[in-house]
Amino acid sequence: QAQLVESGGGLVQAGGSLRLSCVASGSIFSINVMGWYRQAPGKQRELVAGITSGGSTNYADSVKGRFTISRDNAMNTVYLQMNSLEPEDTAVYYCNAQVWIGNLEYSYWGQGTQVTVSS
């Protein structure tokens, strides 16, 4: 089993910055892809950014140039630096990790952290 714990959400004014962190723990052999998703009220959960164990990244078009995803493989941690935040970024942000436990891969989710951007 593995657990993901997010931190760093909060309330910020438009144009401000926040940094989200997500730590994975448990019986982890290795972690392949880690990513951040978000879900705004009344909308489907969407991918914000993802990063492989080798450091390759991908971003949603809406956050390119403003958000940066990074990870510390030794610490099983993924970060999301969010700059130039907009009210449209308001959502619950979820961490996801594709975790190898033994010879099987599992998908785990964090509990979510609220990000609110005021105009």
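Student: I'd like to start with one residue: which residue in β5 stands opposite Met 34?

Tutor: Met 34 faces Ile 51 across the strand pair. Keep in mind that we are looking at a predicted model. The pair belongs to β4 and β5 (residues 46-51), two antiparallel strands joined by five bridges.

Student: What happens in the hairpin of β4 and β5?

Tutor: Six residues lie between the two strands, and Gly 42 takes a positive phi near 80°.

Student: How many bridges join β4 to β9, and which way do the strands run?

Tutor: Eight bridges connect β4 (residues 30-39) with β9 (residues 91-101), and the two run antiparallel. You can find this pairing at Tyr 37, which has Tyr 94 of β9 opposite. So β4 pairs with β9 and also with β5.

Student: How should I read the side chains along a strand?

Tutor: Here is the general idea: in a regular strand, side chains alternate between the two faces of the sheet. Now for one residue in this structure: Ala 97 sits in strand β9.

Student: Is Ala 97 buried or exposed?

Tutor: Buried: the relative accessible area of Ala 97 is 0%, and the cut-off for "buried" is under 20%.

Student: Which residues does Ala 97 touch, apart from its neighbours within four places in sequence?

Tutor: Its contacts include Leu 4, Ile 31, Val 33, Met 34 and Tyr 106. You have already met Met 34, the residue opposite Ile 51. As for Ile 31, it is 66 residues from Ala 97 along the chain, yet their C-alpha atoms are separated by 6.7 Å.

Student: Could we try another strand? Where is Ser 21 found?

Tutor: Ser 21 is in strand β3, which covers residues 18-26. Ser 21 is buried, at a relative accessible area of 15%. Leaving out residues up to four places away in sequence, Ser 21 touches Val 5, Glu 6, Ser 7, Trp 36, Val 78 and Tyr 79.

Student: What is a disulfide, in general?

Tutor: A disulfide is a covalent bond between the sulfur atoms of two cysteines. This structure has one disulfide, and it joins Cys 22 to Cys 95 with an S to S distance of 2.1 Å. The pair links distant parts of the chain, since Cys 22 is in β3 and Cys 95 in β9, 73 residues apart.

Student: Why is the disulfide of Cys 22 and Cys 95 called left-handed?

Tutor: Look at the torsion about the S-S bond: it is about -80°, so the disulfide is left-handed. Cys 22 is buried at 0% relative accessible area, and Cys 95 is buried at 0% too.

Student: And how do I read charged side chains?

Tutor: Generally, side chains of opposite charge can pair when their charged atoms come close. This structure holds five salt bridges.

Student: Which residues are linked with Arg 38 in a network of salt bridges?

Tutor: The network links Arg 38, Glu 46, Arg 66, Glu 86 and Asp 89. Arg 38 and Glu 46 form one salt bridge, their closest N and O atoms being 2.7 Å apart. Glu 46 is partly exposed, with a relative accessible area of 36%, whereas Arg 38 is buried at 6%. Arg 38 also meets Asp 89, at 3.0 Å from N to O. That pair links distant parts of the chain: Arg 38 lies in β4 and Asp 89 in the loop between β8 and β9, 51 residues apart. Both Arg 38 and Asp 89 are buried.

Student: With which residue does Lys 64 form a salt bridge?

Tutor: Lys 64 pairs with Asp 61, with 3.1 Å between the closest N and O atoms. Asp 61 is exposed, at a relative accessible area of 66%.

Terms used:
Residues are numbered from 1 along each chain as its sequence is written. This is a predicted model: local features need pLDDT of at least 70, side-chain atom pairs count only at pLDDT 80 or more; totals for chains, interfaces and linings use all residues. Side-chain values use heavy atoms; hydrogens and water are left out. Two strands pair if DSSP finds at least two bridges between them. Helices (H or I, at least four residues) and strands (E, at least two) are DSSP runs, numbered from the N terminus. Buried means under 20% relative accessible area, exposed over 50%, partly exposed in between (1.4 Å probe, protein chains only). Contact means heavy atoms within 4.5 Å. A disulfide is a pair of cysteine sulfur atoms within 2.5 Å. A salt bridge is a side-chain nitrogen of Lys or Arg within 4 Å of a carboxyl oxygen of Asp or Glu.
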